[in-house]
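Let's take a walk through a protein, one stop at a time. Have the sequence and the 3D view ready, and look for each residue as it comes up.

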Amino acid sequence: MCRVPAGGAAALTTGVAWEPLLDGVEVAYRGVVPGREGRGEPVPGELHPAVADVLRARGVTRLYAHQAETWDAVARGESVVVTTGTASGKSLAFSLPVLDAMAREPAARALFLYPTKALAQDQARWLASLGLKGLRPAIYDGDTPIERRAHIRRSANAILTNPDMVHVGVLPHHDRWGDVLHNLRVVVVDEAHVYRGVFGSHVANVLRRLRRLALAYGAEPVFVLASATIANAGELAARLTGLDVRVVDVDTSPRAEREIVLWNPELVDAELGIRASPLGDASRLLAGLVGQGLRTICFTKSRKAAELVHRFAADRLDAETAGRLAPYRAGYTPEQRREIERRLVEGELLGVTATEALELGIDVGSLDCAISVGFPGTVASLRQQWGRAGRRSRGLAVLVASEDALDQFFVNEPDALLGRTAEAALIDHTTPRILDGHVLSAAYEGPLTAADADVLGAEALERAAVLPELESTPAGFVWRGRDTPAARLSLRSGDAEAFVIVDESTGAVLGTAERERAFSTVHEGAVYLHLGDQYGVTTLDLETRAALVTPVTVDWYTQARKETETSIVESLQSRRVAGVELHHGRVAVSEQVVGFQRKAIADGTVIDTTPLELPLTTFETEGVWFAPDDSLLEGIDVMPTLVSALHASEHALISLLPLFAMCDRWDIGGLSTNIHEQTGRPTVFVYEGHAGGVGITERGFECFAEWAADTARLLARCPCRAGCPSCVQSPKCGNLNELLDKAAARTLLERMVAGDS
């Protein structure tokens, strides 16, 4: 069904180049986001004349509201978070204070922190192009040749790097960075919304360690953060830095008109809920748009998908046009990435298929169209992807839905996507499993004293007193070991005992898996996916905490069977909402993987089941839970309908929690039981999959009424008969998606929602 918003029909008949590709095609939604003209104000007279000259040379005579406000706040010594739309000029907003500092004080230094190497490269090119006398930008990351690093530390005054390099390459070796730290005036943290969950909680500790060492060297830098539009930019910035941060969110920059299309692949089996391949549909769209001469970017969730969409699209085009397509993903050499970026910027490429490396703010020039293959996990990310299209003229933005529950919810409820406030990014840097490694690292960097509580937080000093690797001395808590504790600590994991995943054919480290996840994802016989590529797990060594894998190409996947128990440790808060008494608190989760199934990728058919004997894992985390009363369960209170209704409700709730908290469904677990020994009633638990938790379920507690209502609508709108991956089936179910009753779950959730009205 094609749905056009009121007043939008005329805008859809303008004869744009993509019109023939969409004409007559049934899409879930099609509408237009109107553009606007920009409004600016004069460049501040207080700006250093050399910087003002640079701006005039680039045709910049006025600043938009967020750029001017950022300049004013930093000039007063305030830290700032700029949260405005894509292509609004955030880079200029956070760069102006740096440029002014460099022009006024030749010895001044600045750090720019980026989550991806592509972003750092893009910003370095932009800074170098300004031609500001005395500005010496340089990139310092894993690709930087060893022989150049000392020179960069000595001479560069705008150093572009990433949190991982600060964590292991700068802070533990601060004696080499003394001049940089002494003269550090500004720290820029771009794409701050990326720093959420476990990763963001680690980065918050890294930034506090950076502030501590800067103070030790006599500097107190201002922090300037830039973020996509999210629900809690100010709160996130304050938690990341430990500072009071001013929120700058008034955006007066121009915005081109953009046409929005929600595309749902054809339903090929209504009973099973099976749809045509979104990769196939995306490749047809990409080929059609590029064939019309439209510059198009297509975002995928994995590098394998990026390669497939590229190949399928190229096969549909003539050789000359196909030569103007390229995939862009992790795994390429730095030289390959830089070459693709150059071809994009210079307009040599017409189409590119990309993973999230190009989702962020790298300037790839003027693009006409953006295709997102599958909902990227957050509204903020989707808006960033769509924001690549039509930066300077009218653009087209398309979401090609996958079978995932969130995707199907949005194509059936477009207003829930297009009118939704972006999610909240949640972190908790004080969780001991995350904090402890940074306390050890800080003690290595310098003795910890009571005065450090002002920067690191009181919790850090409390943990220092009980960590056996530290020794209390008259100078403070000091590191007793001989190694570098930061080298032990991955910023991507909340577990100091994480398993390392190694490609035994090359020796390359592919990643890590927290202990509580390793047994279900990298057990022997599992198929492990890394950036879309398949690897077979040959060995899981419990003593060395290593999983050895080898590349494979198979037409099946694996799913672990787990036995799970959840016990209530403490209810922190409760309230009556959505017809139930909802609790949020601390829970203890015990899991044991007892086997796994091989399933065909094509249709999910079970090939075989293999038993496993793996250790029990137990961790404490945060969760929400509720026990429906008899009135809500009337007519569905007999077994196995009862437990099937609770189980299906749990799965559906988990699938939609990322609507409210910036997380992935793999960050969330759940348990449903017909009777729980502590509540004495049928009970549903949804808990965080990382020890300690980072606030995801607390956000769910706050938004439960809307969360439950959206979940009920998801089940009502899904066309399948008995449940499918788009509603109640979960790719990570420990019970292998057995005992699921979609109809009974819908009954329960709709009664709950009605009880709240």
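Start by finding R545, which counts as partly exposed because its relative accessible area is 30%. Before you read anything into the details, keep in mind that this is a predicted model. R545 sits in the loop between β24 (533-541) and β25 (546-551). Its backbone does something worth a look: phi is positive, about 55°, even though R545 is not a glycine. Most residues other than glycine have a negative phi.

There is another residue to compare with it. E191 also isn't a glycine, and its phi is positive too, near 55°. You'll find E191 in the loop between β8 (184-189) and α9. Is E191 buried or exposed? With a relative accessible area of 4%, E191 is buried.

While we're on backbone oddities, jump to M639 and P640. The peptide bond joining them is cis, with omega at about 0°. P640 belongs to the loop between α23 (630-633) and α24 (641-656). For background, most peptide bonds are trans.

Now zoom out and take in the whole thing. How many helices and strands does the protein have? There are 27 helices and 31 strands. With 757 residues, a compact globule would have a radius of gyration near 27 Å, and the protein comes in at 26 Å, so the two agree. If you drew a box around the C-alpha atoms along the principal axes, it would be roughly 75 × 75 × 55 Å.

What about inside versus outside? Of the 757 residues, 58% count as buried. The protein exposes about 29,600 Å², and carbon and sulfur atoms supply 50% of that area. The chain also folds back on itself a lot, if you go by contacts: among those with a separation of 6 or more, 73% are between residues 24 or more positions apart.

Next up, charges. The protein has 76 positive and 99 negative charges, and the mean positions of the two groups are 5 Å apart. Some of these charges pair up, and a search of the whole structure turns up 30 salt bridges.

Let's visit a few. R343 and E348 form a salt bridge, with their closest N and O atoms 3.0 Å apart. The partners sit in different surroundings: R343 is buried at 16% relative accessible area, while E348 is partly exposed at 34%. R488 and D483 make another salt bridge, again with 3.0 Å between the closest N and O atoms. Here R488 is partly exposed, with a relative accessible area of 48%, and D483 counts as partly exposed at 34%.

A third pair is R586 with E570, whose closest N and O atoms are 2.7 Å apart. This pair links distant parts of the chain, as R586 is in strand β27 (residues 580-600) and E570 is in strand β26 (residues 556-577), 16 residues apart. Both partners count as partly exposed, R586 at 29% relative accessibility and E570 at 35%. Salt bridges can also join up into a network, and R30, E257, E259 and R394 are linked in that way.

Stay in strand β27 for a moment, since G585 lies there too. G585 has 0% relative accessibility, so it counts as buried. Which residues does G585 touch, leaving out those up to four places away in sequence? They are E570, S571, L572, T621, E622, G623 and W625. You've already met E570 as the salt-bridge partner of R586. As for L572, it is 13 residues from G585 in sequence, yet their C-alpha atoms are 4.5 Å apart in space.

Our last stop is R211, in helix α9 (residues 197-216). R211 is buried but has no salt bridge. Where is the nearest side chain of opposite charge? That is E220, 5.8 Å away, and a salt bridge needs the nitrogen and oxygen atoms to be within 4 Å. Setting aside neighbours within four places in sequence, R211 is in contact with F223, T241, G242, L243 and V455.

Note on methods:
Residues are numbered from 1 along each chain as its sequence is written. This is a predicted model: local features need pLDDT of at least 70, side-chain atom pairs count only at pLDDT 80 or more; totals for chains, interfaces and linings use all residues. Side-chain values use heavy atoms; hydrogens and water are left out. Helices (H or I, at least four residues) and strands (E, at least two) are DSSP runs, numbered from the N terminus. The radius of gyration is taken over C-alpha atoms; the globule rule is 2.2 Å times the number of residues to the power 0.38. Buried means under 20% relative accessible area, exposed over 50%, partly exposed in between (1.4 Å probe, protein chains only). Contact means heavy atoms within 4.5 Å. Accessible areas come from the Shrake-Rupley method with a 1.4 Å probe; for residues, only the protein chains shown count as cover. Lys and Arg count as positive and Asp and Glu as negative; His and the chain ends are not counted. The place of a charge is taken as NZ of Lys, CZ of Arg, CG of Asp or CD of Glu.
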